[in-house]
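Visitor: I am new to reading protein models. Could you walk me through one, feature by feature?

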Amino acid sequence: MVLNPVISKLAGKLVVLASASPRRQEILSNAGLRFELVPSWFKETLDKGLFKAPHEYAVETAKQKALEVARRMPFKHLKTPDIVIGADTIVTVDGMILEKPVDKQDAYRMLSSLSGKEHSVFTGVAIILCHEKENDEVDYQLVHFYEETKVKFADLSEDMLWEYINSGEPMDKAGGYGIQALGGMLVEYVHGDFLNVVGFPLNHFCKQLDMIYNRLELESGSVHNNGTHLILTQPSPNLPALSKHSSSSGPRPKSPSASQTNGTQSSPSDSPIHKVKRKDTESEVGESSWTLVNSLSKHTDDAETELRDSENTKLPPTTSRGHMIGHNLTEPEDSGPKKEELQRIIELMDGFKASKALFTASEMCVFDLLQSQPGLDAAQVAQEIKASEKGTECLLEACVSLGLLKSKERKYQRPVYKNTDLAKRFLRSDAPFSLHGYIQHCNNTVWPLFSHLESAVREGSNQHEKAFGKKSKDVFQDTFYNSQEIKLRFMNAMHSIAKVTGKAIATAFDLSRFKTACDLGGCTGAMAYEFTKAHPGLSVTVFDLPAVVEMSEHFHPLHTDNRVSFVAGDFFKDELPKADLYILARILHDWPDEKVHILLNKIADASTPGCAVLIAETMLDGQTAYSTLQSLNMLAQTEGLERTESQYADLLNKHGFGDTCVIHTKNFLDAVIAVKM
Ligand SMILES: Cc1cn([C@@H]2O[C@H](COP(=O)(O)OP(=O)(O)OP(=O)(O)O)[C@@H](O)[C@H]2O)c(=O)[nH]c1=O
């Protein structure tokens, strides 16, 4: 194809877009690129002060986003991509770098600083070429560039500013505006690539791909693997585009990575060639936007450390399949356990004690009591909760050390206790975001099941029989909805989680084109109400078992919304209500693939092209302790398991749902939406 000779060169390669930006996804898929979506977890927190120019910051952030995904995929997705693309868009005005606003005030600050002025939009792009070697190691090769576009805003009145901010559009966009939508009305002129402002400089990207796949190979045949690390030898000096981009990309970034490079010798800045030396490999590379990832080793190691630090585990470097490499056979002499090491292990061993202290205080209504009567001492609390003084004092002190209560020492008197803000927000039973119901479920159901975790792991199945003396064919019918008391407790638990996560899920995607939704297994309707709150044109039918629907009215909000209705039925057996959008929030993780297929098949039958499925689950891609432990939880508790975003995409694909888009909401749940083709 003449129009995209480069894009077609990528056919058959595993191209990964390391971005959650729907605009980048759209620009690249409109260009005919087929890619897998793996949003980066790299946090955009590089110190801007370390960069000489704003574009260097954007390029470095793009690199780190792409590298994080390139390094994660072989472990977490068990496949190595061929190419990973990362990007970062920033707006600069008056020497400031503007990223996405954190709230409305921040959006106001950004937009008023742009009013009546010209500003620059920079998008940094990183392309990582991954080469898997026979020994399972992966070589990375990095190409990066940036594009600048100048944009001039008209003078913005206060009314315009606030109307625009209240439209919600600014919140996920650099500089607080979207030129492709309502924000276009604020713009007087654009000099440069429009798509660069939207989030991805497509033209420049195609030129870079052309360089990688066409000219470079043709003109110098120079991409080769020397057996140790992939080296890009000096590009032919008569590659005009390369040198042109090199100058348009500015000098090699003096980012922290470049300055801290281990074993890299930079040549004088006027020389087009510098040497890269690593281990026993030496080669020359042309000065351009080409950089060897190996020469970024310090920074990538930093990125890796950052990831692992968040899990508080330090591991030696690993290969793509997780084997340890670079390990000396003879261990260095052990200087004895370090305090932090021991502390980490002890924290893990004691985790269950902390959980049980929280459950106990919650079950004994300590947080409710201290909310209504703050400042009680241990004896007074003991009297109120009808418990021993000694035991109560131990429990209160444990809660203080866990950050759930505050204590105030008094001279010659016993300390008094109050809730911390955390307890006020989440632990008292009447708080809007109360997790009291979920904590009760954890204490009464999950705890006994988890005490049989070893059996669950050995047998690969739930532990209801061992924990509750009852074999269950269907955990919902036989256990959770078996008695009124247990059913209410379970519904309370689901209600509290839906209230805490509902808004993030309801606002994860633009759902304005949908008029009707059906929340399958929507329980008390808490999630449905969040959807109708967020989308004024949407009506939601909650579809759940008759036993659930008959109790749901106990949970309806004071001001009921007639756009939420309830229909009783079994989604495996009965006909599903017709809807444009089917919501499955924390449903699929309860079931094995066979049952998920039955349900998705029924949804596909009820859907016409353009209808969509929205799945809200904790996705394993995060590999946070929360998601992996939640998977163990599903093992011990249900027939299901947690899955990765690509597993959900595959399941949906099999039933004719495509154009999958994933959002990590930074709340308990992630969201995937896919459209019926
Ligand atoms: C100026 C402008 C920006 N954007 C969006 O702003 C986000 C920038 O943020 P980012 O950090 O570069 O990307 P992200 O959205 O966080 O995604 P990720 O790649 O995962 O970091 C991107 O979305 C862009 O489209 C628009 O949609 N229109 C505009 O006119």
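Visitor: Let me begin with a single residue: in which strand is Asp659 found?

Guide: Asp659 is found in strand S22, which covers residues 657-664. Keep in mind that this is a predicted model. Asp659 has a positive phi of about 50° although it is not a glycine.

Visitor: Is Asp659 buried or exposed?

Guide: Here a cut-off helps: a residue counts as exposed when its relative accessible area is over 50%. Asp659 has 62%, so it is exposed.

Visitor: Which residue in the loop between strands S3 and S4 can I compare with it?

Guide: Try Asp94, which sits in the loop between strand S3 (83-93) and strand S4 (96-98). Its phi is near 45°, a positive value in a residue other than glycine. Asp94 is exposed too, with a relative accessible area of 56%.

Visitor: Let me step back to the whole chain. How many helices and strands does the protein chain have?

Guide: There are 24 helices and 23 strands in the protein chain. Of its 677 residues, 52% count as buried. You can also ask how far along the sequence the contacts reach. Among contacts between residues at least 6 apart in sequence, 68% join residues at least 24 apart.

Visitor: And what is the outside made of? What share of the exposed area do carbon and sulfur atoms supply?

Guide: The chain exposes about 31900 Å², and carbon and sulfur atoms supply 53% of that.

Visitor: How do I read a helix?

Guide: The general idea is this: an α-helix has 3.6 residues a turn, so residues three or four places apart point the same way. Now take the case of helix H1.

Visitor: Which residues of helix H1 are buried?

Guide: In H1, residues 22-30, the buried ones are Arg23, Arg24, Gln25, Ile27 and Leu28. After H1 comes Gly32, whose phi is positive, near 90°.

Visitor: Now surface patches, please. Which residues make the nonpolar one?

Guide: Leu342, Ile345, Ile346, Leu348 and Met349 make a nonpolar surface patch of about 490 Å². Ile345 has its place in helix H10, residues 339-363. With a relative accessible area of 47%, Ile345 is partly exposed.

Visitor: Which residues form the positive patch?

Guide: That patch is formed by Lys406, Lys408, Arg410 and Lys418. Strand S15, residues 405-410, gives the most to it, with 3 residues. Lys406 is found in S15, and its relative accessible area of 39% makes Lys406 partly exposed.

Visitor: Charges can also pair up. How do I recognise a salt bridge?

Guide: Look for a side-chain nitrogen of Lys or Arg within 4 Å of a carboxyl oxygen of Asp or Glu. By this rule the count comes to 25 salt bridges.

Visitor: How far apart are the closest N and O atoms of Glu188 and Lys152?

Guide: They are 3.0 Å apart, and the two residues form a salt bridge. Glu188 lies in strand S7 (residues 187-191) and Lys152 in strand S6 (residues 138-153), so the pair ties together parts that are 36 residues apart in sequence. Glu188 counts as partly exposed, at 49% relative accessibility.

Visitor: Which residue does Glu389 meet in a salt bridge?

Guide: The side chain of Glu389 meets that of Arg414, at 2.7 Å from N to O. This pair links distant parts of the chain: Glu389 is in helix H13 (residues 389-401) and Arg414 is in strand S16 (residues 413-419), 25 residues apart. Glu389 counts as partly exposed at 41% relative accessibility, and Arg414 counts as partly exposed at 30%.

Visitor: And what is the N to O distance between Asp430 and Arg428?

Guide: Their side chains meet in a salt bridge at 2.8 Å, N to O. Asp430 counts as exposed at 59% relative accessibility, whereas Arg428 counts as buried at 18%. Salt bridges can also share partners: Glu44, Lys65, Asp88 and Lys100 are joined into one network that way.

Visitor: One last residue: where is Asp421 found?

Guide: Asp421 is found in helix H14, residues 421-427. With a relative accessible area of 53%, Asp421 is exposed. The C-alpha atoms of Asp421 and Leu404 are separated by 8.1 Å, and these residues are 17 apart along the chain.

Note on methods. Residues are numbered from 1 along each chain as its sequence is written. This is a predicted model: local features need pLDDT of at least 70, side-chain atom pairs count only at pLDDT 80 or more; totals for chains, interfaces and linings use all residues. Side-chain values use heavy atoms; hydrogens and water are left out. Patches are made of residues with over 30% relative accessible area and no salt bridge: like charges are joined within 9 Å, nonpolar side chains (Val, Leu, Ile, Met, Phe, Trp, Tyr) within 5 Å. Accessible areas come from the Shrake-Rupley method with a 1.4 Å probe; for residues, only the protein chains shown count as cover. Lys and Arg count as positive and Asp and Glu as negative; His and the chain ends are not counted. The place of a charge is taken as NZ of Lys, CZ of Arg, CG of Asp or CD of Glu. Helices (H or I, at least four residues) and strands (E, at least two) are DSSP runs, numbered from the N terminus. Buried means under 20% relative accessible area, exposed over 50%, partly exposed in between (1.4 Å probe, protein chains only). Contact means heavy atoms within 4.5 Å.
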